[in-house]
Amino acid sequence: MARIVVLGAGFAGLWAAIGAARKRDEIGAGGDIEIRVVDRNPYHNIRVRNYEADLSEVALPLAQLLDPIGVSHGIGEVEAIDPARREISLVTGGGNETLTYDRLVLALGSEVMRPDIPGLAEHAFDVDTYAAALHLEHHLTSLGRSVPAPGRSTIVVVGAGFTGIEVAAEMPDRLARAGITGSRRIILVDPNPAVGATIGAHARPVIDTALASLDVETRLGVRVVSVEAAGLRLSSGEFIPTRTVIWCAGMRASPLAASFPDARDRLGRLLVDPMMRVADVGGVFAAGDVASSVVDGLHPTVMSCQFARPMGRFAGHNVVADLAGLPMLPLRIDWYVTVLDLGGWGALYTEGWDREVRATGAAAKATKQTINRKRIYPPLSGRKDELFAAAAPTVQAPPPTYGAR
């Protein structure tokens, strides 16, 4: 029996597995092709919601999603990949294991970059994973139960990109939920001269207005020199007393992308063709944050579920088609939107690669909630037909806009 291994169960990996099972079922190869998912966790994390105050619905058991479609899954930490031998070295609950494959879908995603800053590893929080988000939530809850002390009510978010802005904007609600009321400070730190430096000139005035209304302070054009239990020190010389530093300063592809001798971009992502194949490496596909594909003839994908989900669906379809000697389908996406959550102020909806503003405030917030709570979720009914329908190798239309300009 031929084996397809999917490494990672994030947005790309989950949909690659379901897409592969769909194609396997379509060609009647259930007894000939095994599909196996390996992830370090037994759940699929709706990762883009890790910044939110309520984390109760952001970890979905893999058994609920994969058992109904005959996809096996196991917990393991990937240590190494040998594409020449088609072998994967894993650490599991039973010890070291070697897993062989006939076809591989690499979907190990990305991770937050953690530079070698004194105290960062020991004292900073992040929302990169569900476990990290829970750790932050428990910390905030503990602060809410503690007696007032220097830095207790000050939150410093480092990194004023998409994640950092969303974390900072959500923080007033998170502090209130934790019972931290009264005088409090939320400070957003970034080395760039403006918040949202990569988000575009059209969007930045909206973001500035929202953050000002939420009383979020900024420290721009500075870097973090050190992080301590009592606060952090900036390159400007300022020391900010705080017990909560949240690190959101950039992402990079899984280091395991370096297992392949191919070209990678500045984020460490493998370059893949429209079929999601890794060039010059037989039998290997890649999707999601670990891969970069030019999907409209000009623009490479960005690290977001907007691209990871269709990349996964097409990778899953194509990996089975490739194994069976059938035609594969190229992925093309001719639209791009961003929907940035701005907490109690609302949200920001932009269209196009130049990020023209189309909706703001409550109208954009309605779109964001549709995305975060419905659109990016797999069917939870446990029905094979619904899972397969959702995994069809197609591209969704752009999300709805409410009250767009």
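Let us start at arginine 49, which touches Asp54, Leu55, Glu57, Val58, Asn372, Arg373 and Tyr377 when residues up to four places away in sequence are not counted. The model you are looking at is a predicted one. You will find arginine 49 in the loop between β3 and β4. Is this residue buried or exposed? Its relative accessible area is 5%, and because buried means under 20%, arginine 49 counts as buried. Now look along the chain to alanine 347: arginine 49 and alanine 347 are 298 residues apart in sequence, and their C-alpha atoms are 14 Å apart in space.

From here, move to the helices, beginning with α1. Helix α1 covers residues 11-26. How far should its 16 residues reach? At 1.5 Å a residue, the expected span is 22 Å, and the C-alpha atoms at the two ends are 22 Å apart, so the two values agree. Most of α1 is covered, with 13 of its 16 residues buried. After α1 comes glycine 28, which has a positive phi, near 70 degrees.

Next, find helix α4, residues 130-145. The same kind of check works here: 16 residues at 1.5 Å each should span 22 Å, and the end C-alpha atoms of α4 are 23 Å apart, which agrees. The buried residues in α4 are Tyr130, Ala132, Ala133, Leu136, Glu137, His139, Leu140 and Leu143. What do these buried residues pack against? Their partners are the strands β3 (43-45), β4 (59-61), β11 (124-125), β12 (154-158) and β18 (244-247), together with helix α5.

That brings us to α5 itself, which runs over residues 162-178. Its 17 residues should span 24 Å at 1.5 Å a residue, and the end C-alpha atoms are 24 Å apart, in agreement. Follow α5 along and you will come to a bend of about 45 degrees at methionine 171, with a proline, proline 172, following within four residues. Helix α5 is mostly covered, as 12 of its 17 residues are buried. Among them are Gly164, Ile165, Val167, Met171, Pro172, Arg174 and Leu175. Past the helix sits glycine 179, whose phi is positive, near 90 degrees.

How do α4 and α5 fit together? Two packed helices are described by the angle between their axes and the distance between the axes. For α4 and α5 the packing angle is about 55 degrees, and the axes are 8 Å apart. The two helices are therefore oblique to each other, and their crossing is right-handed. On the α4 side, the residues that meet the partner helix are Ala133, Leu136, Glu137, Leu140, Thr141 and Gly144. On the α5 side they are Met171, Arg174, Leu175, Arg177 and Ala178. Notice methionine 171 in that group: it is also where α5 bends.

Stay with α5 a little longer and pick out glutamate 166, which lies in this helix. Glutamate 166 has a relative accessible area of 9%, so it is buried. Which residues does glutamate 166 contact, leaving aside neighbours within four places in sequence? They are Tyr51, Val339, Leu340, Asp341 and Lys368. Glutamate 166 and leucine 342 are 176 residues apart in sequence, while their C-alpha atoms are 5.9 Å apart in space.

Another glutamate to visit is glutamate 351, found in strand β24, residues 347-351. Glutamate 351 is partly exposed, with a relative accessible area of 29%. Not counting residues up to four places away in sequence, it touches Tyr336, Val337, Glu356, Arg358 and Thr401. With tyrosine 336, the separation is 15 residues in sequence and 6.1 Å in space, C-alpha to C-alpha.

Finally, let us look at some backbone angles. Most residues other than glycine have a negative phi. Aspartate 215 is not a glycine, yet it has a positive phi of about 60 degrees. Aspartate 215 lies in the loop between α6 (204-213) and β14 (216-220), and it is exposed, with a relative accessible area of 60%. Methionine 276 is not a glycine either, and its phi is positive at about 75 degrees. It is found in the loop between β20 (270-271) and β21 (284-286). With a relative accessible area of 0%, methionine 276 is buried.

Notes. Residues numbered from 1 in each chain as written. Predicted model: local features only at pLDDT ≥ 70, side-chain atom pairs only at ≥ 80, totals over all residues. Heavy atoms only, no water. Expected span 1.5 Å × (residues − 1). Bend = angle between axes of the 7 residues up to and from the residue. Buried < 20%, exposed > 50% of the residue type's maximum accessible area, 1.4 Å probe, protein only. Axes fitted to C-alpha atoms, helices over the stretch in contact; angles between N-to-C directions. Parallel < 35°, antiparallel > 145°, perpendicular 65-115°, else oblique. Left-handed = near helix turned anticlockwise from the far one by under 90°. Contact = heavy atoms within 4.5 Å.
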